[in-house]
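Dear colleague,

Please find below the structure I agreed to pass on to you. I should be grateful if you would look it over alongside the notes that come after it.

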Amino acid sequence: MHERTVRARTTIGTVEGFTRDGVNRWRSIPYARPPVGSLRLRAPRPAQPWSGVRHCHGFANCAPQQRRYTMLGLSGLGGRYQPMGEDCLTLNVVAPEAPAGEPLPVMVFIHGGGYILGSSAPPLYDGAALARRGCVYVSVNYRLGALGCLDLSSLSTPDIPIDSNLFLRDLVMALRWVKDNISAFGGDPDRVTIFGESAGAHITATLLAVPAAEGLFARAISESPASGMVRSRETAAEFATRFAALLGARPQDAAEALMQASPAQLVDAQHRLIDQGMEDRLGAFPIGPVAGDEVVPIDPVEAMRGGRAHRVPLIVGTNAEEGRLFTRFLKMLPTNQTMIEELLADTEPAARERITAAYPDYPAPSACIQLGGDFAFGSAAWQIAEAHSAHAPTYLYRYDYAPRTLRWSGLGATHATELLAVFDVYRTRFGALLTAAADRRAALRVSNQVQRRWGAFSRSGAPGDDWPTYTTADRAVMVFDRKSRVEFDPHPHRRIAWDGFSLAR
């Protein structure tokens, strides 16, 4: 395969990447100093300049997590695992090979993984298809789990300070890097769109309420944001104390124990904390953003509602059958009657009745799966759309498309399947396996539709004239399917049922 090298000059040094298939790629460019040693659990510091040329041809570390989550897929990589390490604060850039006449819009992707797994390196997130359509694509790593997304700041001591919301601080620093450097790669620093899926979608929505992110992005796309992922500082402190106990540390020695533990020990304790929280029904998931510090002063949806979030255009949406994935893998969602009854056990009887009545066949399995998907994702998308649309252009979608292979397997248009369209997977070898001959045309049509709209949105802030903004007057929803269409308030009972529902204590 013919490759040539390509260089770009950033504010802290020259980086060398490579050109292949019509795009230039740079991998694992550091945007912050490695958060190791005394910088563990501290806010990120700017990366240090280097002399000479830094080779950015391959992916370096992903954040520490369980090893089974680091497999880079089979496409040409032979099932390799990505190395892990705390030195993981890097980003990747993909830009069209041919220089454009003017600076291109920038799309910055924030990966998902429940705040405990994932990286920017899997082939799925390659981004070349988006870049070929006329943008500069950036994908980012951030600290995960106990080292980045579990708020341990309540365990701080004068000698060992610990900062809160580390992963959000990481991403603000990455966005600042984009602002300062992306023009060297052909990008327009004033047209940056942040987009993410699942936990990445939740982060995208949260960044709308992070004061330090102001001016660092012009629009946002949130694909299947999760609900109930923000906790109060009090709840976070309780989880931190439990976490220290799981590490075997006394409260007064907790900070020291956090600095001494290996990444693997921290990851193990974090998984035990999640299991314990699910058994004790503590309410909020232990890992994710904390509201009430300088990074996230108030709950993001509250900030949107009060007009205190960044008033940038937003696309937000979910997939038609979010819950089905979780009946097979990562069984953390309430997708059967037993789990749902447990979920709603502490809810007021009237609210419980309202929620179950919104799913007429409850407790039939399909109704349970729909309820679980709405609890985890649908409710968040509705809340965000209702809150943000009062102050900024907001577009709501539902992704219904699933090729027959996914329908036959019982997954349908489940969680994360819109990524197959966004990242043009249906045009790859793997995509061809997913689409029997009759499905191929429809799959490519849906892919073109989604990519075209994401692209238009990144350029102008509007995803097309035929997609009306969401308002509480008519609640327009763009439905992506074999034939895409606009529906108005398609599921009012389900939307209203979850209004104001919260697990947080």
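The notes below cover a set of paired strands, two helices and one alanine. Please bear in mind that this is a predicted model.

**Strand E5 and its partners**

Strand E5 covers residues 90–96, and 7 of its 7 residues are buried. Both faces of E5 are covered: Thr90, Asn92, Val94 and Pro96 point one way, Leu91, Val93 and Ala95 point the other way, and all are buried. E5 pairs with strand E3 (residues 23–30) in the antiparallel sense, over 6 bridges. In that pairing, valine 23 is placed opposite proline 96 of E5. E5 is also joined to strand E7 (residues 136–140), again antiparallel, by 4 bridges. Here leucine 91 stands opposite valine 140 of E7.

**Helix H12**

Helix H12 runs over residues 365–388. Its 24 residues should span 34 Å at 1.5 Å a residue, and the end C-alpha atoms lie 33 Å apart, which agrees. H12 nevertheless bends by about 55 degrees at aspartate 374. Of the 24 residues of H12, 19 are buried, so the helix is largely enclosed by the rest of the structure.

**Helix H5**

Helix H5 is made up of 14 residues, 233–246. The expected span at 1.5 Å a residue is 20 Å, and the end C-alpha atoms of H5 are 20 Å apart, in agreement. The buried residues of H5 are Thr235, Ala236, Phe239, Ala240, Phe243, Ala244 and Leu246. An α-helix has 3.6 residues a turn, so residues three or four places apart point the same way. After H5 comes glycine 248, which has a positive phi, near 85 degrees.

**Alanine 291**

Alanine 291 belongs to strand E11 (residues 290–291). Is alanine 291 buried or exposed? Its relative accessibility is 16%, and the cut-off for buried is under 20%, so alanine 291 counts as buried. Beyond its neighbours within four places in sequence, alanine 291 is in contact with Val230, Arg231, Ser232 and Arg233, and also with Val296, Pro297, Ile298 and Asp299. Among these contacts, Arg233 is also a residue of H5, which covers residues 233–246. Alanine 291 and proline 363 are separated by 72 residues in sequence, and their C-alpha atoms are 35 Å apart in space.

I would welcome any comments you may have once you have examined the model.

With kind regards

Conventions: Residues numbered from 1 in each chain as written. Predicted model: local features only at pLDDT ≥ 70, side-chain atom pairs only at ≥ 80, totals over all residues. Heavy atoms only, no water. Helix = DSSP H or I, 4+ residues; strand = E, 2+ residues; numbered from the N terminus. Buried < 20%, exposed > 50% of the residue type's maximum accessible area, 1.4 Å probe, protein only. Contact = heavy atoms within 4.5 Å. Expected span 1.5 Å × (residues − 1). Bend = angle between axes of the 7 residues up to and from the residue. Pairing = 2+ DSSP bridges.
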